[in-house]
Amino acid sequence: MTGKPSASANHDEHRQNVREAYAQVAKANNEGQSCGCGPSCCGTSDDGAINTLISTRLGYSQADLDLVPAGADMGLGCGNPKAIAALKPGETVVDLGSGGGFDCFLAVREVGSSGRVIGVDMTPDMVSKARANALKGQYENVEFRLGEIEHLPIADGVADAVISNCVINLSPNKPQVFRDAFRVLKAGGRLAISDVVATVELPEEMRNDAGLISGCMGNASLIVDLEEMMRAAGFEQIRIQPKNESKEFIKDWAPGQNVTDFVVSATIEAVKPGTCCGGCSC
């Protein structure tokens with residue numbers, strides 16, 4: 001015995017810290033208060049106009065914001081995964097880290113009444129909030145499940161698309177996230193993610209800062225490492241595109257800490273290989 005914490009114990013501590021931070025966000029939003037962690041991807045404001053401003057900076061339109069129930073948009077995230085997901089009527093979509101349901105409600109508009117959207121979140125307060133928002137918006141083909149994105153409570157091969165908005169970044173075990181996303185996708189299914197990536201190796205003080213980790217910065221991975229994880233999971237047609245313009249809002253997540261020297265938002269896309277049409281490659 002070395003007395004050193006196991007990887008599993010470290011993962012649990014990391015996950016619990018993130019869960020507590022986002023429970024605070026959900027409760028603060030329910031009460032119309034600020035969570036006190038600033039306008040980061042884990043932030044929420046007591047002013048709906050501020051959340052609208054944050055969301056439009058992330059790539060959502062005013063029309064998007066008008067479509068969802070009040071309270072679903074908490075100004076979270078670092079992009080708009082729906083913009084790259086190319087969702088179609090009748091598809092099944094899984095949202096990793098669905099929060100208050102914002103991206104799920106936008107996705108269901110794309111897949112229509114014949115489609116289905118499943119949101120997964122590990123924070124009970126967020127799942128409760130999302131379910132309440134679904135009732136408020138009278139959505140019948142959206143459901144929210146409590147679970148970890150590393151071990152999705154979803155059967156194999158059910159999803160046409162897996163989306164996520166600044167959540168995989170938070171995981172202490174990203175390779176397992178990609179493996180499980182691959183598992184739940186159908187052959188030919190696609191991954192469409194907005195997330196924060198590291199442009200250079202992060203210094204140890206950033207990696208050990210619980211606030212920066214919960215704020216989607218301290219646990220960011222290098223692009224080359226993400227590509228390796230995704231290839232190892234089985235994905236093909238991997239495309240990771242950094243968005244340098246995102247530095248304009250990321251710099252506000254941790255004022256005075258020069259985080260944009262190290263991280264940037266990116267779109268992350270990939271496909272689970274499959275065959276169709278008598279064996280031709282899809």
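In the predicted model, Ile 163 of β4 stands opposite Ala 192 in β5. The two strands, β4 and β5, are paired in the parallel sense, with six bridges between them. The connection from β4 to β5 passes through α7, and the resulting β-α-β crossover is right-handed. Ile 163 is also the bridge partner of Asp 95. The pairing of β1 with β4 is likewise parallel and comprises four bridges. Seven of the seven residues of β4 are buried, so the strand is largely enclosed by the rest of the structure. In a regular strand, side chains alternate between the two faces of the sheet.

The largest nonpolar core contains 30 residues, and those with the most contacts inside it are Leu 96, Val 162, Phe 178, Leu 191, Met 230 and Phe 235. Two or more residues each are contributed by β1 (92–96), β2 (116–121), β4 (159–165), α7 (174–184), β5 (185–198), α10 (223–233) and β7 (263–271). The largest share, five residues, is that of α7. Beyond four places in sequence, Val 162 touches Val 94, Leu 96, Ala 181, Val 184, Leu 185, Arg 190, Leu 191 and Ala 192. A second core, separate from this one, has 24 residues, including Leu 106, Val 108, Phe 144 and Ala 161. In soluble globular proteins, nonpolar side chains tend to be buried together.

Cysteine residues were examined next. A search of the whole structure returned zero disulfides. The sulfur of Cys 166 lies 3.2 Å from the closest cysteine sulfur, that of Cys 78, which is too far for a bond, the cut-off being 2.5 Å. Cys 166 is buried, with a relative accessible area of 3%. Cys 104 is buried as well, at a relative accessible area of 0%.

Over the protein as a whole, the secondary structure consists of eleven helices and nine strands. Of its 282 residues, 54% count as buried. Among contacts with a separation of 6 or more, 71% are between residues 24 or more positions apart. The exposed area of the protein is about 12,200 Å², of which carbon and sulfur atoms supply 50%.

Notes:
Residues are numbered from 1 along each chain as its sequence is written. This is a predicted model: local features need pLDDT of at least 70, side-chain atom pairs count only at pLDDT 80 or more; totals for chains, interfaces and linings use all residues. Side-chain values use heavy atoms; hydrogens and water are left out. A nonpolar core is a set of buried Ala, Val, Leu, Ile, Met, Phe, Trp, Tyr and Cys residues joined through side-chain atoms within 4.5 Å. Buried means under 20% relative accessible area, exposed over 50%, partly exposed in between (1.4 Å probe, protein chains only). Contact means heavy atoms within 4.5 Å. Two strands pair if DSSP finds at least two bridges between them. A crossover is right-handed if, with the strands pointing away from the viewer, the path from the first strand over the helix to the second runs clockwise. Accessible areas come from the Shrake-Rupley method with a 1.4 Å probe; for residues, only the protein chains shown count as cover.
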